[in-house]
Each structure stands twice: as C-alpha cells, then as structure tokens.
Amino acid sequence: MKANEFVAGYFASAKNESEVKALWSELMNVSVDAMNKRVDEFKNPGKALLKAAAKKAGQEKAVETALTSGKLVVGGVPKKTADLAEEKIDSRRNKKAAKEKTADEKEEKKIEVKAEKRKANAKGAETKEAYSMKVVKLTAAERNAVKKANLQFVDYSDKAFAFIGDTKPVADIMRKLNGRFNHGLSCGAGWVFAKANKDAVFKSLGV
C-alpha cells in the first residue's frame with residue numbers, strides 16, 4: 001500500500017475537524033515511535049533480534065528493562081556500563097594503595113618499636129652494669145700481686161677507665177672485678193672498667 005492511500009484510508013473514518021486533528025496527532029506519535037525503532041534496528045541489529053525473540057517468548061518488558069539499565073549489553077558496551085567498570089577498577093586500585101600504605105605504616109611502626117626496645121635494653125644494660133657491681137673481697141695475696149704488678153691507671157673516657165702495664169700476672173683478678181681486656185686501646189693494651197664502678201673497683205683493690 002502506498003503512503004497516500006494509507007493516509008487517505010486512515011482519515012476516512014473522521015466525521016469532523018476535531019477527529020481529523022486527533023487522528024493526525026495519533027498518527028504522528030505512532031510514526032515517530034516506529035521510525036525510532038526502525039533506526040535503532042539498523043544501528044544495532046542484534047538488539048532488534050533480541051527484542052523480537054523476547055516478544056515471541058513473552059519477555060519483552062523484562063529484556064527492555066535490562067537493556068535500558070545497562071545490565072544487558074548487545075553489540076557493544078554502553079557508556080554507563082564502561083563507567084561502572086572504570087569505577088570498579090579505580091576502587092580496586094584505591095583499596096590496594098590503601099592496603100600498601102597501611103602495611104608500610106605498620107612496618108615503620110614495628111621498626112620504631114624495635115628501635116625503642118633496643119634503646120631501652122641498652123640503657124637498662126648500662127644501668128645494670130653501672131650499679132650491679134659490689135666491692136669484691138680479694139685475698140691479701142691477690143692485693144699484693146696487684147701492687148707488685150705496678151699497674152698504671154688511665155682515665156680513658158667519660159664512661160671508662162683502664163689499667164695498663166704488666167697486667168698478665170693479675171689477669172684473673174682484673175676479670176674478677178668485671179674488667180675486660182682490650183688490645184686496641186689508644187693508651188696501650190689493658191683492662192677496661194666502667195667508670196660507674198670505679199669506687200667499687202678501687203675499694204676491692206684497697207686503693
């Protein structure tokens with residue numbers, strides 16, 4: 001049927017001007033909808049076939065809703081779906097970055113805690129060494145041996161003093177007084193003691 005014949009037949013039922021206008025408005029609406037649907041079929045034939053199959057199966061409304069929302073994609077990815085995918089990737093990246101940052105912060109905290117513990121242990125060890133030594137009771141023979149050794153006292157540093165000279169005969173006595181032998185002293189090889197224990201060492205030696 002030709003278009004002019006169809007239009008003439010369409011308006012043939014009108015009985016007055018108002019009905020003609022109403023039929024014209026209806027025809028325009030139907031024509032625009034039909035045109036848009038046909039154009040959409042040319043742009044995305046897969047979607048047209050899907051809609052046809054859905055209509056045949058009585059699922060036209062459900063498929064149309066899925067297509068409109070972007071949950072169902074035919075012949076390409078809608079911009080909305082692509083945006084959602086990009087947002088999901090960004091979210092994963094942000095979560096990963098946050099997780100890595102938290103891990104780094106935890107590691108830094110562990111290092112700080114370990115450093116504080118080492119510092120506290122070192123301070124505790126120094127305090128223990130400084131105050132743990134008591135006067136050692138030496139025998140008369142041991143004291144005489146020290147005098148004969150003719151040891152030389154050296155104020156070595158702020159934290160230590162030393163005895164140098166012929167220390168070999170009194171090595172056991174020096175060790176008993178918590179001394180440590182050191183070959184590398186700038187004043188010569190000798191026995192080193194904590195300065196905090198100076199009084200206890202001298203009293204033990206009877207000096």
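**Notes on α8 and what packs around it**

1. Let's start with what sits over α8: the cover on its buried residues includes α6, β1 (152-154), β2, α7 and β4. This is a predicted model, by the way, so read everything below with that in mind.

2. Which residues of α8 are buried? They are Ala200, Val201, Phe202, Ser204 and Leu205. Right after the helix comes Gly206, with a positive phi of about 75°.

3. Leu205 deserves a look of its own. Ignoring neighbours within four places in sequence, Leu205 is in contact with Leu138, Arg143, Val146, Phe163, Met174 and Leu177. One of those partners, Val146, is a buried residue of α6.

4. On to the largest nonpolar core, which has 19 residues. The members that touch the most others are Phe163, Met174, Leu177, Phe193, Val201 and Leu205. Two or more residues each come from α6, β2 (160-164), α7, β4 (190-194) and α8. As for who gives the largest share, that's α8, with 4 residues.

5. Now α6, which spans residues 140-149. Glu142, Val146 and Ala149 are its buried residues. Why do they end up on the same side of α6? Because they cover an arc of only 65° around the axis. Their cover includes α7 (171-176) and α8 (198-205), and the cover of α8's buried residues in turn includes α6.

6. Flip α6 over and you get the face turned away from its buried side, which carries the exposed residues Ala140, Ala141, Lys147 and Lys148. Note that two alanines, Ala140 and Ala141, are among the exposed ones, while Ala149 is buried.

7. One backbone detail at the end of α6: the helix is followed by Asn150, and the phi of Asn150 is positive, near 55°. If you're scanning backbone angles, put that next to Gly206 after α8, where phi is positive too, at about 75°.

8. Zooming out to the whole chain, there are 8 helices and 4 strands. Reading from the N terminus, the order is α-α-α-α-α-α-β-β-α-β-β-α.

9. Some overall numbers to finish. Of the 207 residues, 20% count as buried. The chain exposes about 16,200 Å², and carbon and sulfur atoms supply 55% of that area. Taking contacts with a separation of 6 or more, 52% are between residues 24 or more positions apart.

Technical notes. Residues numbered from 1 in each chain as written. Predicted model: local features only at pLDDT ≥ 70, side-chain atom pairs only at ≥ 80, totals over all residues. Heavy atoms only, no water. Buried < 20%, exposed > 50% of the residue type's maximum accessible area, 1.4 Å probe, protein only. Arc of directions from axis to C-beta. Contact = heavy atoms within 4.5 Å. Core = buried A, V, L, I, M, F, W, Y, C linked by side-chain atoms within 4.5 Å. Areas by Shrake-Rupley, 256 points an atom, 1.4 Å probe, with all protein chains shown as cover.
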